[in-house]
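Biologist: Please take a close look at one part of this model with me.

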Amino acid sequence: MPPLPLDFIQSADDLRQLPATKAEVTVVGRSNVGKSALINAIGNRKRLAHVSNTPGRTRLLNLFSIGEDITFVDLPGYGFAKVPESMRRDWQRMIDGYLLGRENLVMVMVLVDGAVGPTNLDIQMLDWLRAHELPHTVVATKHDKVKSSARNKRKRQVAEKCDLEEGDVIWVSSVKGTGIDRLRSLIVHWVA
Ligand code: GDP
């Protein structure tokens with residue numbers, strides 16, 4: 001499947017600024033999980049989403065269009081160690097508000113760092129999504145960083161920690177392109 005035609009629409013720090021959309025797929029993950037790199041890989045664009053770990057820049061909701069019918073939403077990364085507690089609470093409120101408030105949200109992609117495995121924050125996010133019965137898919141990033149000899153074991157561990165079957169976790173590498181095509185097909189399939 002060719003790259004998805006991702007185009008930046010707008011950033012927002014308030015849910016009320018968001019336009020009505022037909023169907024939304026969103027992506028969440030802790031900071032540094034490889035979210036920007038993955039968005040760029042899906043669109044086959046070098047700097048569409050800044051590969052940046054600066055808290056100020058990643059605090060907003062970023063909206064992209066994929067063709068006419070799909071909106072792709074990049075939620076702020078959670079779990080920055082360096083930000084004040086009050087700011088973290090504001091982000092959490094915005095993320096929760098978004099996830100609970102968007103009528104046309106069809107899928108939440110939860111990124112976990114494949115090189116380090118799911119963190120407690122990732123598991124909390126999954127528990128929260130399950131408690132609210134929101135559709136979600138776990139995507140494990142940085143496949144290329146896991147040694148091939150360790151891959152089978154790591155795949156089992158990631159699935160187990162997330163309480164999923166191994167086949168339910170989508171493994172990707174934005175650097176090598178592994179799994180990107182499959183993810184593109186899934187995005188199109190989710191909104192169909
Ligand atoms: P974000 O904070 O979640 O947006 O994470 P970034 O996309 O900025 O990536 C964080 C770090 O992980 C950067 O140093 C990236 O170069 C690196 N990274 C992201 N994806 C991959 C990948 O697939 N493979 C490898 N080896 N490194 C990656």
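Biologist: What distance separates a backbone N or O atom of K35 from an oxygen atom of the ligand?

Modeller: That distance is 2.8 Å. The model is predicted, with local features needing pLDDT of at least 70 and side-chain atom pairs pLDDT 80 or more, while totals for chains, interfaces and linings use all residues. Residues are numbered from 1 along each chain, and side-chain values use heavy atoms, without hydrogens or water.

K35 is one of three residues described here with a backbone polar contact (a pair of N or O atoms within 3.5 Å) to the ligand. For S174, a polar backbone atom is 2.9 Å from a ligand oxygen; for V33, the corresponding separation is 3.2 Å. With the protein in place, 79% of the ligand's accessible area is covered, out of the 580 Å² it has on its own (Shrake-Rupley method, 1.4 Å probe).

Around the ligand there are 16 residues, each with a heavy atom within 4 Å of it. K35 and S174 are among those that come nearest, along with N32, S36 and D144. By class, the shell holds eight polar, four nonpolar and four charged residues. Here Asp, Glu, Lys and Arg count as charged, Ala, Val, Leu, Ile, Met, Phe, Trp, Tyr, Cys and Pro as nonpolar, and the others, Gly among them, as polar.

Note on methods
Polar contact = N/O pair within 3.5 Å; in protein donor to acceptor, adjacent residues only side chain to side chain.
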